Amino acid sequence: MMCPPSILRVRVHNQRWHFGLWLPLFLIWPFVLVFGLVLWPILLVSTAVFWGKGWGKLVLLGGPALLGLLCAMRGLNVEVKQPSEETLILVSFR
Amino acid sequence: MTDNQRRILEMLAAKKISVEEAERLLALTGQPTGGETGAFETAQVQKPKPKYLRVVVTPPKAENGSEARTGIVNVRVPLTLIRAGLKLRAFIPPDKADQVNEALRSKGLDFDVRNIRDEDLEQLVDALSDLEVEVSDEEGAKAVRVYVE
């Protein structure tokens, strides 16, 4: 079982301004879990409604698939610098 | 280690057979007793599985040549993310899959996206472990590198 990323780090800076974000995602996951449990009955009803139209599978399994995608983002790191090295964009999931 | 090999080593430890006899018997069990072949096989088995797809773009060297080369793009994508993304194809509704097939056909790719199996995709991702793309500039310095680690 993969764990979702626990920290999101965003850093953007250029010559004029700096922006840095260090987001402790591990504090958000419990709330997301509770929210998901509350939404579960609504999801089941939506699945029954949309099943005939061919979207039921998407509604039912879309959540777990997105969660899997989110968990797989641990370790993703994107870093872009301008040649002058004055500008930096960094997005990192840990 | 098989039961036969263990039994031979036990007999050797109990001094019921000599070292030469043990060596001969071990050879007869069909397994190498050590040496280069065994080491090679161990190295093959212990090859670490790649975890990340890396894309690194380095800028051209400074004109005066004094500046050190610094990466301007450095991307690390977990292979698990690629696998998870590929699994999302299961959510393509049937009518949309037809549209995707039609678009692919117009580009000269004649296959059905619904026929892609999980095993094929796994093989595709596993095959990435041998991927290495290097684009060099005129001076021979590596400008773009795509590889897995």
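This report walks through the confidence, the chain A and chain B interface, and one helix with its salt bridge in a predicted model.

**How far to trust it**

Let's start with the scores: the model has an ipTM of 0.82 and a pTM of 0.68. Chain B averages a pLDDT of 77, and 78% of its residues score at least 70. Within chain B, strand β2 (residues 73-78) has the highest confidence, at a mean of 92, while helix α3 (residues 35-45) has the lowest, at 52. Where pLDDT is low, predicted coordinates should not be read in detail.

**Where the chains meet**

At the interface, 22 residues of chain A are in contact with 19 residues of chain B. About 1700 Å² is buried between the two chains, and carbon and sulfur atoms give 66% of that area. On the side of chain A that touches chain B, the elements giving two or more residues are α2 (56-71) and β3 (77-81) of chain A. The largest share there, 7 residues, comes from α2(A). Here is that side of chain A sorted by class:

| Class on the chain A side | Count |
|---|---|
| Nonpolar | 12 residues |
| Polar | 5 residues |
| Charged | 5 residues |

What about specific pairings across the interface of chain A and chain B? The rule finds 0 salt bridges across it, and 4 residue pairs in polar contact, with both residues at pLDDT 80 or more.

**Helix α5 of chain B and its salt bridge**

Over all chains, the structure holds 12 salt bridges. One of them joins the side chains of Asp98(B) and Arg114(B), at 2.9 Å from N to O. This pair links distant parts of the chain, 16 residues apart: Asp98(B) lies in helix α5 of chain B, and Arg114(B) in the loop between α5 and α6 (118-127). Side chains of opposite charge can pair when their charged atoms come close.

How far should helix α5 of chain B span? The helix has 13 residues (94-106), so at 1.5 Å a residue the expected span is 18 Å; its end C-alpha atoms are 19 Å apart, which agrees. After α5(B) comes Gly108(B), which has a positive phi, near 90°.

Definitions and conventions. Residues numbered from 1 in each chain as written. Chains lettered and ligands numbered in written order. Heavy atoms only, no water. pLDDT = per-residue confidence, 0-100. Helix = DSSP H or I, 4+ residues; strand = E, 2+ residues; numbered from the N terminus. Expected span 1.5 Å × (residues − 1). Contact = heavy atoms within 4.5 Å. Buried area = accessible area lost by both parts, 1.4 Å probe. Salt bridge = Lys/Arg side-chain N within 4 Å of Asp/Glu carboxyl O. Polar contact = N/O pair within 3.5 Å; in protein donor to acceptor, adjacent residues only side chain to side chain. Nonpolar A, V, L, I, M, F, W, Y, C, P; charged D, E, K, R; others polar.
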